[in-house]
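Hi everyone, thanks for making the time. Let me put a structure up on the screen, and then I'll walk you through a few parts of it.

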Amino acid sequence: PLVLVQEADPAKGGATLQALRGECPEDLQPDIFEKGWTHTIYMRVVEFQRVSLKTIVEAVLLCSPNYLNQTSLPLCVPGEPESQPLAFAKETMLWASPANAGAMELANEIAATFPNLTVSTAEAPGPATHMLLYLNEDSFSDARLADQVQQARKDKLKIVMAHENDPDLGGCEFGRMFEVTPQELIADGLYKTLARSCFPGRHHPVSLALLAKDLGATPARSGSVASMSRLSASIAE
């Protein structure tokens, strides 16, 4: 069996799967890229790296005699964020500005996964406790967003940033943010705070869990398994 492990970092030779296929001899391409082999992107941030390693281990185990009749294995690593039942213990409202395309969808996904989070898509933050700044190739194309971010920082409204990495959702290298973000926001230290990476596929539940923690989610009390069930379903998909 083969396990396709794709390098994600361009600085380390990373490329799209299409580009890597183009570099492969044509006679080998069907056997490598068209047989449905397990594929994972190798990450170096530890929370995401665990997912990559689990995917590799699972693919190998499923080819071993003890697991030939199974299609998946419930592998987990103690302490991994995607396996923790998280919830918001106090009232939390996340503002997703209409000027920030994609923010509403991500905010609603977080709220659907972890209990007790309210999402606002009003023109202004109002009683929101946090602002979600969703970063992709189209960020700041709406001039209103820069003014809103600037005002949020002035008002001490906590901003949680999510950096999209899925090309289908406008994902891009983070360096682009320094090209499209107004210079006054950069100079004011907007990006001194870590932006959470949003990855697709099996890495996506980790992104959601880390964002939830940034918003104040904590391990749910024993007996509260709603968020765990939803996140487990997300991992399975």
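**Salt bridges, sheet and cores**

Let's begin with a charged pair: Glu 80 and Lys 54 make a salt bridge, with 3.0 Å between their closest N and O atoms. Before I go on, please keep in mind that this is a predicted model. Lys 54 belongs to helix 3, residues 46-61, while Glu 80 sits in the loop between that helix and strand 3 (86-87), so the bridge ties together parts that are 26 residues apart in sequence.

Are these two partners buried or exposed? Glu 80 has 1% relative accessibility, so it counts as buried. Lys 54 counts as buried as well, because its value is 16% and the cut-off for buried is under 20%. The pair also has company: Lys 54, Glu 80 and Glu 82 are joined into one network by salt bridges that share partners.

Now for another bridge, between Asp 9 and Lys 12, where the N to O distance is 3.4 Å. Here Asp 9, at 26% relative accessibility, counts as partly exposed, and so does Lys 12, at 48%.

One more pair is worth pointing at: the side chains of Asp 214 and Arg 196 meet at 2.8 Å, N to O. Asp 214 is in helix 8 (residues 204-214) and Arg 196 in strand 8 (residues 196-198), so to speak a link between distant parts of the chain, 18 residues apart. How many salt bridges are there by this rule? The count comes to twelve.

On to the sheet. It is open, has five strands in the order 5-4-6-7-8, and the pairing is parallel. Which strands stand at the edges? Those are strand 5 and strand 8; each has a single partner strand, so one side of each has no neighbour in the sheet. From one strand to the next, the twist averages 30°. Helix 8 packs on this sheet and touches strand 6, strand 7 and strand 8, its direction making about 150° with that of strand 8.

Let me zoom in on strand 4, residues 92-95. Both of its faces are covered: Thr 92 and Leu 94 are buried on one side, Met 93 and Trp 95 on the other. Strand 4 pairs with strand 5 (residues 117-120) in the parallel sense, over four bridges. Within that pairing, Thr 92 has Leu 117 as its bridge partner, and Trp 95 stands opposite Ser 120. To get from strand 4 to strand 5, the chain passes through helix 4 (residues 103-113), and this β-α-β crossover is right-handed. Strand 4 also runs parallel to strand 6 (residues 130-135), joined to it by two bridges, with Leu 94 opposite His 130.

Finally, the nonpolar cores. The largest has 22 residues, and Leu 133, Phe 140 and Val 149 are those with the most contacts inside it. Strand 4, strand 6, helix 5 (143-154), strand 7 (158-164) and helix 7 (183-187) each supply at least two of its residues. Which element gives the largest share of this core? Helix 5 does, with four residues.

If you'd like a residue to click on, try Phe 140: beyond its neighbours within four places in sequence, its contacts include Leu 133, Leu 145, Val 149, Pro 182 and Tyr 191. Apart from this core lies another, of 21 residues, including Leu 86, Phe 114, Ala 162 and Ala 217.

That's my tour, and I'm happy to take questions.

Methods
Residues numbered from 1 in each chain as written. Predicted model: local features only at pLDDT ≥ 70, side-chain atom pairs only at ≥ 80, totals over all residues. Heavy atoms only, no water. Buried < 20%, exposed > 50% of the residue type's maximum accessible area, 1.4 Å probe, protein only. Pairing = 2+ DSSP bridges. Right-handed = clockwise from strand over helix to strand, strands pointing away. Core = buried A, V, L, I, M, F, W, Y, C linked by side-chain atoms within 4.5 Å. Contact = heavy atoms within 4.5 Å. Salt bridge = Lys/Arg side-chain N within 4 Å of Asp/Glu carboxyl O. Axes fitted to C-alpha atoms, helices over the stretch in contact; angles between N-to-C directions.
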